[in-house]
Amino acid sequence: MTRAPANLLAVRSLLLTHLNVDKDVSRPQDLEPNEVGIVGDAQHVGGYHCGSDRVVDGDYSVVESTRDRSGLTLDASAVDVGMFTVTAGGRTHDLRSFSVWCVQQCVAGTADTRDIREIIYSPDGKTVKRWDRLGKRTTGPSSHLTHTHFSFFRDSTKAGRDQTPLFRRYLTTIGLIEGDDMSAQAENEIHQVFVGLFRGGNSMGRKVDPDGAGPATASNSLVAKLDYTMLRLDAAIAQLTALSDKDFTDEEAIVAGVLAKLTPEKIAAALPPTVAREVADEIARRLAA
């Protein structure tokens with residue numbers, strides 16, 4: 001039967017930990033456990049809340065994307081988030097503002113949204129909108145006036161990919177939890193560099209060919225700059241290797257330098273009296289012989 005996968009259970013746990021403010025008392029502003037769902041109830045027929053045992057012929061959650069077709073398992077691949085209101089950073093936040101923020105991140109193409117297929121939500125409690133990565137639909141059922149639906153491409157669920165970063169970043173952004181040292185912008189920039197370098201596409205002016213046929217040249221590109229940097233690094237390593245093979249010890253020069261500084265006066269001053277007497281006697285004996 002359809003299962004709730006571990007990576008989406010982690011999302012559910014994260015949201016309930018921080019948005020269910022008083023876990024001992026049910027309050028209207030709290031996000032309650034029964035308001036964060038993964039596996040669809042009996043009324044769900046097909047869709048991302050259903051696994052392979054409950055999808056239907058032509059199910060949009062399977063047929064519209066190769067990522068879904070290749071990732072279909074018994075796992076559900078969606079999370080519903082219900083109503084909540086929380087105060088953090090001197091401001092009030094709720095399901096509406098949360099949903100709009102998440103959609104904005106998807107539109108911006110942040111790294112932590114790349115596995116989200118769609119978000120069905122209401123920005124005002126009156127109209128239902130849908131952000132669809134595939135551009136198939138723009139709205140949804142009226143039930144989404146009171147909850148927001150997140151669909152994840154099934155291959156990411158099958159892979160067990162961590163889906164908490166987006167939601168953790170939201171909680172950090174509104175000041176409900178402390179974040180790490182790296183900003184969302186920095187994470188996204190790193191992701192874009194990675195995509196440009198290793199997954200093809202334009203990378204700051206230069207086309208990257210993932211098939212190895214050879215990228216087109218460009219005067220101001222990230223790849224060109226990396227090529228230059230690696231060239232200089234290789235040259236520096238070659239120079240260090242060459243130097244490591246040389247013997248920089250000149251014993252004769254060292255001895256000559258030491259002796260040049262050892263005058264008779266310095267030698268005599270450095271010798272203890274008894275040793276000096278012995279040296280003088282030995283010199284006298286040799287001269288007499």
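# Questions on calls made in this model

Me: What makes the side chains of Tyr48 and Asp68 a polar contact?

Reply: The side chain of Tyr48 reaches the side chain of Asp68 at 2.6 Å. A polar contact is a pair of N or O atoms within 3.5 Å, where, inside protein, one atom must be able to donate a hydrogen and the other to accept it, and residues adjacent in sequence count only if both atoms are side-chain atoms. The value of 2.6 Å falls within that limit, so the pair is called a polar contact. This is a predicted model, in which local features need pLDDT of at least 70 and side-chain atom pairs count only at pLDDT 80 or more, while totals for chains, interfaces and linings use all residues. Residues are numbered from 1 along each chain as its sequence is written, and side-chain values use heavy atoms, with hydrogens and water left out.

Me: Why is Tyr48 called buried or exposed?

Reply: Tyr48 lies in the loop between β1 and α2 (60–63), and its relative accessibility is 1%. Buried means under 20% relative accessible area, exposed means over 50%, and partly exposed is in between, with a 1.4 Å probe and protein chains only. Because 1% is on the low side of the 20% cut-off, Tyr48 counts as buried. Contact means heavy atoms within 4.5 Å, and the residues that Tyr48 touches, not counting those up to four places away in sequence, include Tyr60, Ala76, Arg117, Glu118 and Ser151. Phe152 is among them; Tyr48 and Phe152 are 104 residues apart in sequence and 7.7 Å apart in space, C-alpha to C-alpha.

Me: How do you know whether Glu118 is buried or exposed?

Reply: Glu118 has a relative accessible area of 0%, and therefore it is called buried. Its place is in strand β5 (residues 116–121), where helices (H or I, at least four residues) and strands (E, at least two) are DSSP runs numbered from the N terminus. Its side chain makes a polar contact of 2.7 Å with the side chain of Arg130, and a polar contact of 2.7 Å also joins it to the side chain of Ser151. Apart from neighbours within four places in sequence, its contacts include Tyr48, Tyr60, Trp131 and His149.

Me: What makes β1 and β6 the edge strands of the sheet?

Reply: Two strands pair if DSSP finds at least two bridges between them. By that rule 5 strands form an open sheet in the order β1-β2-β7-β5-β6, with antiparallel pairing. β1 and β6 (129–132) each pair on one side only, and are the edge strands. Helix α4 (residues 95–108) packs on this sheet, touching β2, β5, β6 and β7, and its direction makes about 150° with that of β5. Such angles run from 0 to 180 degrees between N-to-C directions, with axes as lines fitted to C-alpha atoms, for helices over the stretch in contact. The link between β1 and β2 consists of 2 bridges, which meets the minimum for pairing, so these strands count as paired. Val36 stands opposite Val81 in β2.

Me: How do you know that the length of α1 is close to the expected span?

Reply: The expected span is 1.5 Å times one less than the number of residues. Helix α1 (residues 6–19) has 14 residues and reaches 20 Å from its first C-alpha to its last, against an expected 20 Å, so the two are called close. Its buried residues include Asn7, Val11 and Leu15, and what covers its buried residues includes β2 (78–81), β7 (148–152) and α6 (164–173).

Me: Why is Ser156 called buried or exposed?

Reply: With a relative accessible area of 0%, Ser156 is called buried because that value meets the cut-off. Ser156 is found in helix α5, and its side chain makes a polar contact with that of Gln163 at 3.5 Å. Its contacts beyond four places in sequence are Asn7, Arg67, Asp115, Arg161 and Gln163.

Me: What makes the side chains of β3 alternate?

Reply: In a regular strand the side chains alternate between the two faces of the sheet. In β3, Val86 and Ala88 point to one face and are buried, while Thr85 and Thr87 point to the other and are not. β3 pairs with strand β4 (residues 91–94) in the antiparallel sense over 4 bridges, and the two form a hairpin with 2 residues between them, where Gly89 in the turn has a positive phi of about 60°.
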